[in-house]
Amino acid sequence: MPGPEVARKQHTLGGAAGIALLAFALAYRLFPSALHIEPSREPASMAGNPGSQATTPAMTWSAVKAPKPQTVPATGVVSAEEGTSLADAIRMGPPVATTKVVAALLKKARMAEERGALFEPKNGNAIALYREVLDAAPDNVDAQTGLERIGGALRDWTIAATERGDEESAQRFLGAYAELPHSAEELDAVRARTTMLHQILPMLTAAAAEMKSGHAIEPLDGSALSIYRSILARDPGNRLADAGLASIERGFLETALGSAAQDDFAGADTILAKASAIRPGSPVLLETRARIEGIRQQRAETVLSQARSALDSGNADLAELLANKAQSVSPDLAGLDAFNLRIRNARLYASFTPGQVLRDAFLDIAGSAPPVVVLPTGDFVMGSSADETGHLDNEEPQRRVRIDVGFALGQDEVTVAQFREFARATSYVSDAEKLGGSSVYEESTGRIVERRGATWQSDYSGERAGDALPVINVSWRDATAYLAWLSARTGKHYRLASETEFEYALRSGSTTRYPWGDGDPDRIYANLTGEGDRSPSRRSWTNAFPHYSDGYWGPAPIGKFPADKFGLHDMEGNVSEWVEDCWHDNYVRAPRDSAAWVNPGCERRVVRGGSWGSDPDQVRSAFRTAARTDMRSARVGFRVARDL
């Protein structure tokens with residue numbers, strides 16, 4: 001008989017055990033799936049060829065924690081959808097105790113699941129063992145959930161088997177799945193997929209045979225391509241048919257890449273177009289197209305680089321040939337337009353750019369030639385129409401002339417300092433020095449008169465000229481002698497501009513009476529005869545542009561007035577200029593290109609452009625006059641032209 005203390009301890013332990021048992025019962029009733037066992041999906045490695053034999057795969061099972069149960073409301077009651085209520089759990093009491101036999105069967109069933117023996121072999125598979133448990137304990141939750149779990153796995157296995165074309169395995173898995181708990185909708189869906197596989201499997205086999213025979217895309221009605229498309233029309237999501245199309249597509253794409261590697265980009269584009277119709281927009285198609293475009297760009301850039309090297313070495317023909325090849329490879333190649341312009345400039349301007357200023361250094365002595373500006377090629381209408389104010393008969397007939405050959409023209413007129421350099425270097429004696437003088441402006445009478453001793457070193461009044469003034473009192477022969485010396489010093493061909501080149505440069509794109517328009521100048525353009533100009537003794541012009549004054553009576557130093565659109569100074573004023581052409585009374589039979597119109601032995605040459613003392617009509621763009629080759633004047637100078 002235990003003592004009071006022992007009895008008290010037994011009573012306490014017994015009460016605690018009872019409370020623990022009650023808590024376990026409540027938890028089991030309220031949250032029966034706190035932990036449950038689920039099979040993993042059928043491994044992807046089971047995929048095979050249509051008609052291949054497959055055995056039941058070994059399954060890997062893992063414990064998956066169930067979702068956290070909801071908190072029971074304060075009322076102690078939950079809805080039927082949420083689970084068993086607390087009151088029901090208390091009323092139901094603890095679960096029926098599991099017998100040793102049932103426990104042993106459950107253990108064997110779980111072990112069979114872990115081995116993947118879900119429905120095979122006939123004896124000892126998990127389904128059979130769980131059913132034995134239910135025969136002994138119809139309400140056993142572990143057995144019920146086990147069968148539901150296996151049913152889900154078999155459903156997934158059936159779907160996977162249909163996707164890889166394994167009809168035999170699909171039928172086996174479907175038969176086992178149909179015997180387990182399932183929804184009617186799920187079974188019908190899986191059964192429909194299995195039926196579809198049975199219908200299209202012969203088509204897949206036929207397509208594979210056509211592929212093996214080399215009939216991937218032809219004939220149109222019996223090729224592998226047409227069969228795969230028929231399958232997809234019946235079963236849009238069929239992976240095997242899509243894989244077949246991918247195989248055909250891959251063959252085209254590999255061929256396209258091979259063509260691109262051999263620089264046959266036109267062939268590659270043709271093949272890509274055919275491949276695009278097989279699986280439009282597929283990732284592998286887009287990736288291959290990008291790869292070919294990369295090869296194309298790299299090849300085109302390589303060829304363009306070779307073209308640049310050819311042009312740099314002076315071979316414009318080879319450069320153009322390579323540039324055309326680069327364009328055929330990649331029409332949108334960056335930098336191609338700019339390079340074609342370089343080729344054009346190389347042919348027209350010896351690789352210079354219109355508007356570029358050139359300064360040729362002397363080869364054998366210190367110094368350089370006057371700066372020249374590269375003029376763009378183009379065309380214009382030369383001469384004037386009969387209705388133009390101031391028109392002269394020698395300015396017609398008008399004709400369109402094309403400047404096809406690039407050339408450069410002096411940025412300014414040749415200065416006194418530049419001509420002096422030539423005269424000193426060669427001990428040159430000018431025509432004015434030979435003939436004893438030149439014509440100058442006489443302030444006392446306001447007229448141009450002959451003055452003995454006036455030479456190229458004199459200004460318009462006969463006084464010593466400043467270095468920056470344009471050289472005047474030089475004949476056509478003096479100008480050409482200077483240009484011959486300049487050519488020898490630089491190794492470049494310097495000359496006088498042709499009359500066509502001069503008018504083209506003077507107009508600088510204009511078609512009006514004057515370079516600035518048809519009317520009087522509205523701002524200071526050049527050194528012209530202006531109403532506001534005054535001589536040292538306050539003389540004014542009797543015929544001048546109204547409301548105009550440029551601040552000079554006589555020539556101005558070069559560069560004092562704005563450049564025209566071509567970058568040239570003083571084309572329309574300051575001093576008139578010698579050009580290369582012989583004088584002709586009109587333009588009948590005149591050249592239609594930029595060449596000078598020269599007759600051997602001619603004694604009169606053309607003078608173009610207005611001067612500081614020209615009447616407004618003589619400043620017109622079309623105005624021209626003649627002078628003997630030995631004429632010297634205070635109003636006439638020259639500027640250089642240079643071949644490119």
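**Close-up 1. An open sheet of 4 strands with mixed pairing.** In this predicted model, the strands line up in the order S13-S12-S11-S14. At the edges sit strand S13 (624–628) and strand S14 (636–637), each of which pairs on one side only. Take a look at the pair formed by strand S11 (residues 576–582) and strand S12 (residues 604–608): these two are antiparallel and share 3 bridges. A handy landmark here is Trp578, whose bridge partner in S12 is Val607.

**Close-up 2. Positive phi at Asn574, in the loop leading to S11.** Asn574 belongs to the loop between helix H17 (499–507) and S11. Its phi is near 75°, which is positive although Asn574 is not a glycine. Is this residue buried or exposed? Asn574 is buried, and its relative accessible area is 0%.

**Close-up 3. Positive phi at Arg589, in the loop between S11 and S12.** Here we move to the loop that links S11 and S12, where Arg589 is found. Arg589 is not a glycine either, yet its phi is positive at about 65°. With a relative accessible area of 75%, Arg589 is exposed; Asn574, by contrast, is buried.

**Close-up 4. A second open sheet, of 5 strands with antiparallel pairing.** Follow the strands in the order S3-S4-S7-S15-S10. Strand S3 (357–358) and strand S10 (494–495) are the edge strands, each pairing on one side only. S10 runs antiparallel to strand S15 (residues 641–643), and 2 bridges join them. For orientation, find Tyr494, which has Arg642 of S15 as its bridge partner.

**Close-up 5. Helix H17, largely enclosed by the rest of the structure.** How many of the residues of H17 are buried? The count is 9 of the 9, so H17 is largely enclosed by the rest of the structure. Among these buried residues are the charged-looking names a reader might pause over, including Glu499, Glu501, Glu503 and Arg507. Phe502, Tyr504, Ala505 and Leu506 are also buried, as is Thr500. Just after H17 comes Ser508, with a positive phi near 45°.

**Close-up 6. Helices H14 and H16, packed at an angle of about 75°.** Two packed helices are described by the angle between their axes and the distance between the axes. The pair shown here is helix H14 (residues 416–426) and helix H16 (residues 476–490), with axes 10 Å apart. Angles from 65 to 115 degrees count as roughly perpendicular, and H14 and H16 are therefore roughly perpendicular to each other. On the H14 side, the meeting residues are Gln418, Phe419, Glu421, Phe422, Ala425 and Thr426. On the H16 side, they are Asp478, Ala481, Tyr482 and Trp485. The residues of this contact comprise 6 nonpolar, 2 polar and 2 charged.

**Close-up 7. Helix H6 and the helices its buried residues pack against.** Helix H6 (residues 167–178) has 12 residues and spans 16 Å from first C-alpha to last, close to the 16 Å expected. Which residues of H6 are buried? They are Glu167, Ser169, Ala170, Phe173, Leu174, Ala176 and Tyr177. An α-helix has 3.6 residues a turn, so residues three or four places apart point the same way. The buried residues of H6 pack against helix H5 (141–163) and against H7.

**Close-up 8. Ser223 and a cis peptide bond in the loop between H7 and H8.** The loop between helix H7 (184–212) and helix H8 (224–234) holds Pro219. The peptide bond from Glu218 to Pro219 is cis, and its omega is near 0°. Ser223 lies in this loop too and is buried, with a relative accessible area of 1%. Which residues does Ser223 contact, leaving aside its neighbours within four places in sequence? Its contacts are Glu210, His215, Ala216, Ile217 and Glu218.

**Close-up 9. Another cis peptide bond, from Glu120 to Pro121.** Omega is near 0° for this bond. Pro121 is in the loop between helix H3 (100–115) and helix H4 (126–136).

**Close-up 10. The protein chain as a setting for these views, with 17 helices and 15 strands.** Of its 644 residues, 45% count as buried. Among contacts between residues at least 6 apart in sequence, 66% join residues at least 24 apart.

Notes: Residues numbered from 1 in each chain as written. Predicted model: local features only at pLDDT ≥ 70, side-chain atom pairs only at ≥ 80, totals over all residues. Heavy atoms only, no water. Pairing = 2+ DSSP bridges. Buried < 20%, exposed > 50% of the residue type's maximum accessible area, 1.4 Å probe, protein only. Expected span 1.5 Å × (residues − 1). Contact = heavy atoms within 4.5 Å. Axes fitted to C-alpha atoms, helices over the stretch in contact; angles between N-to-C directions. Parallel < 35°, antiparallel > 145°, perpendicular 65-115°, else oblique. Nonpolar A, V, L, I, M, F, W, Y, C, P; charged D, E, K, R; others polar.
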